[in-house]
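Reader: I am new to this structure and should be grateful for a guided account of it.
Author: Please look at the sequence and the model first; questions may follow.

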Amino acid sequence: MVQGSCLCGQVKYQVELIPEKTFNCHCSYCRKAHGAAFVTLVFAKADSLKITNGKDAIKEHKNDLGGVRAFCSNCGTRLMNYAPDKNMYLSIALSTVDTPVNFAPVAHVNIESKASWHEPYEGIPQFKSLPEGVL
Ligand SMILES: [Zn+2]
Ligand SMILES: [Zn+2]
């Protein structure tokens, strides 16, 4: 179990991560939502998620595909993604995890839609989309 929080500290959560499912996602949705070249997401056990503070501050953005992106309405920090039915999948923006972790991303995913101006770093595999069997 790790602890995480947003930039302003209003939202705090705890969750059980699945370290072997840690990815750098280069998809255009993640890039826009985070204002970054890519975002490191780690999948987590959906039923382990507990918002320990600031539940009311969490806002959700739903995309056309039905995915939900949760963020802090006070500071704008992107916290996590999930399916409308949270049990299908839950992924956490690793940069919001406060507990030190001893694992690293295992692959670059969705490089099909990566930024033309960014080259993913070497040393881990690259996948055009999300490898099968991840969800
Ligand atoms: Zn916040
Ligand atoms: Zn993405």
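Author: Helices (H or I, at least four residues) and strands (E, at least two) are DSSP runs, numbered from the N terminus. Two strands pair if DSSP finds at least two bridges between them. This is a predicted model, in which local features need pLDDT of at least 70 and side-chain atom pairs count only at pLDDT 80 or more, while totals for chains, interfaces and linings use all residues. Residues are numbered from 1 along each chain as its sequence is written, and chains are lettered from A and ligands numbered from 1 in the order in which they are written.

Reader: Which residue in E9 is the bridge partner of Met 80?
Author: Strand E8 (residues 78-82) and strand E9 (residues 90-93) run antiparallel and are joined by three bridges. The partner of Met 80 in E9 is Ile 92.

Reader: In what order do the seven strands of the open sheet stand?
Author: The pairing in this sheet is mixed. Strand E6 (58-62) and strand E10 (107-109) each have a single partner strand, so one side of each lacks a neighbour in the sheet. The order is E6-E7-E8-E9-E4-E3-E10.

Reader: Which element gives the largest share of the largest nonpolar core?
Author: A nonpolar core is a set of buried Ala, Val, Leu, Ile, Met, Phe, Trp, Tyr and Cys residues joined through C-beta atoms within 7 Å; buried means that 20 or more other C-beta atoms lie within 10 Å of a residue's own, with C-beta atoms placed from the backbone. Of its 24 residues, Cys 25, Leu 41 and Ile 92 touch the most other members. Elements giving two or more residues include strand E3 (17-25) and strand E7 (68-72). The largest share, four residues, comes from E4.

Reader: Which strands stand at the edges of the sheet of three strands?
Author: This open, antiparallel sheet has the order E1-E2-E5. One side of each edge strand is left without a neighbour in the sheet, because each has a single partner strand; these are strand E1 (2-5) and strand E5 (50-53).

Reader: Which residue in E2 is the bridge partner of Ser 5?
Author: E1 and strand E2 (residues 12-15) run antiparallel, with four bridges between them. The partner of Ser 5 in E2 is Lys 12.

Reader: Is Leu 7 buried, partly exposed or exposed?
Author: Leu 7 lies in the loop between E1 and E2. A residue is exposed with 12 or fewer such neighbours and partly exposed between the two limits. Leu 7 has 13 C-beta neighbours inside 10 Å, so Leu 7 counts as partly exposed.
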